[in-house]
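Let's go through some of the labels a program puts on a protein model and ask what stands behind each one. Have the coordinates open as you read.

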Amino acid sequence: MKVAGNILLITLTFVLIGFYGCKEKPDELLPKLEADYGLAPDNGLTTTIFDFDVAEAMDIGDDNHPVFIRFDWDADGEWDMMYSTLPKYTHRYYQAGDYQATMEVSRVNGETDTISRFIKV
């Protein structure tokens, strides 16, 4: 009976260590949210597919603390996509001109940040 009790105590200890060792990181310990993205190329033609790589330039979070991303491709004040957690996006401009691509990032806790870059097509 003593062996069974020791095994139960050891098992319970490992369960508790595993439980408390897997606690989520509190929001105040997360790095400050700073919007940024890689852009390739930074100018092109109306046939150019522009690659926006968010994961290359910033921490996009994890399953417990995701970063939500959306773009306004032409700075008209209307978001051109719903929030997403994908790390990479593509966009094509069908008319020549100067564009300003704005990205907003946010977390569930309400923290947000934006960045804009100019693109010549």
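Q: Why is aspartate 53 called buried?
A: In this predicted model, aspartate 53 has a relative accessible area of 15%. Buried means under 20%, so aspartate 53 earns the label.

Q: What makes the pair of lysine 88 and aspartate 53 a salt bridge?
A: The closest N and O atoms of lysine 88 and aspartate 53 are 3.8 Å apart. The cut-off asks for a side-chain nitrogen of Lys or Arg within 4 Å of a carboxyl oxygen of Asp or Glu, so this pair qualifies. Lysine 88 sits in strand β4 and aspartate 53 in strand β2, so the salt bridge ties together parts that are 35 residues apart in sequence.

Q: Is lysine 88 buried or exposed, and why?
A: Lysine 88 has a relative accessible area of 57%. Exposed means over 50%, so lysine 88 is exposed.

Q: How do you know that β2 and β4 are paired strands?
A: Two strands pair if there are at least two bridges between them. β2 and β4 (residues 88–92) share 5 bridges, in the antiparallel sense, so they count as paired. Within this pairing, phenylalanine 50 has histidine 91 in β4 as its bridge partner.

Q: What makes β1 and β2 a pair?
A: Strand β1 (residues 38–40) and strand β2 (residues 49–53) are joined by 3 bridges in the antiparallel sense. The requirement is at least two, so this pair passes as well. Leucine 39 stands opposite phenylalanine 52 in β2.

Q: Why are β3 and β6 said to stand at the edges of their sheet?
A: The open sheet has 3 strands in the order β3-β5-β6, with antiparallel pairing. β3 (68–72) and β6 (112–120) each have a single partner strand, so one side of each is left without a neighbour in the sheet. Direction ignored, neighbouring strands of this sheet are turned by 20° against each other on average.

Q: How do you know that β3 and β5 pair?
A: Between β3 and strand β5 (residues 98–106) there are 5 bridges in the antiparallel sense. At least two are needed, so the pairing holds. Arginine 70 stands opposite glutamate 104 in β5.

Q: Why is serine 106 called buried?
A: Serine 106 is found in strand β5. Its relative accessibility is 8%, and buried means under 20%, so the label fits. Leaving aside neighbours within four places in sequence, serine 106 is in contact with residues including Leu33, Pro66, Tyr83 and Thr112.

Q: What makes the link between arginine 117 and aspartate 36 a salt bridge?
A: The side chains of arginine 117 and aspartate 36 meet at 2.6 Å, N to O. The limit is 4 Å, so the contact counts as a salt bridge. Arginine 117 lies in strand β6 and aspartate 36 in the loop between α1 (2–21) and β1, so parts 81 residues apart in sequence are tied together.

Q: Why is arginine 117 called partly exposed?
A: Arginine 117 has a relative accessible area of 26%, and aspartate 36 is at 24% relative accessibility. Partly exposed lies between the 20% limit for buried and the 50% limit for exposed, so arginine 117 and aspartate 36 both get that label.

Q: What makes lysine 120 and aspartate 98 a salt bridge?
A: Their closest N and O atoms are 3.4 Å apart. With a limit of 4 Å, the pair is a salt bridge. Lysine 120 in strand β6 and aspartate 98 in strand β5 are 22 residues apart.

Q: Why are lysine 120 and aspartate 98 called exposed?
A: Lysine 120 is at 52% relative accessibility, and aspartate 98 has a relative accessible area of 62%. Exposed means over 50%, so the label applies to lysine 120 and to aspartate 98.

Q: Which residues have the most contacts inside the largest nonpolar core?
A: They are Tyr37, Phe52, Phe71, Tyr93 and Met103, in a core of 22 residues. β5 gives the most to this core, with 4 residues. Not counting residues up to four places away in sequence, tyrosine 93 touches Phe50, Phe52, Trp73 and Ile119, among others.

Terms used: Residues numbered from 1 in each chain as written. Predicted model: local features only at pLDDT ≥ 70, side-chain atom pairs only at ≥ 80, totals over all residues. Heavy atoms only, no water. Helix = DSSP H or I, 4+ residues; strand = E, 2+ residues; numbered from the N terminus. Axes fitted to C-alpha atoms, helices over the stretch in contact; angles between N-to-C directions. Core = buried A, V, L, I, M, F, W, Y, C linked by side-chain atoms within 4.5 Å. Buried < 20%, exposed > 50% of the residue type's maximum accessible area, 1.4 Å probe, protein only. Contact = heavy atoms within 4.5 Å.
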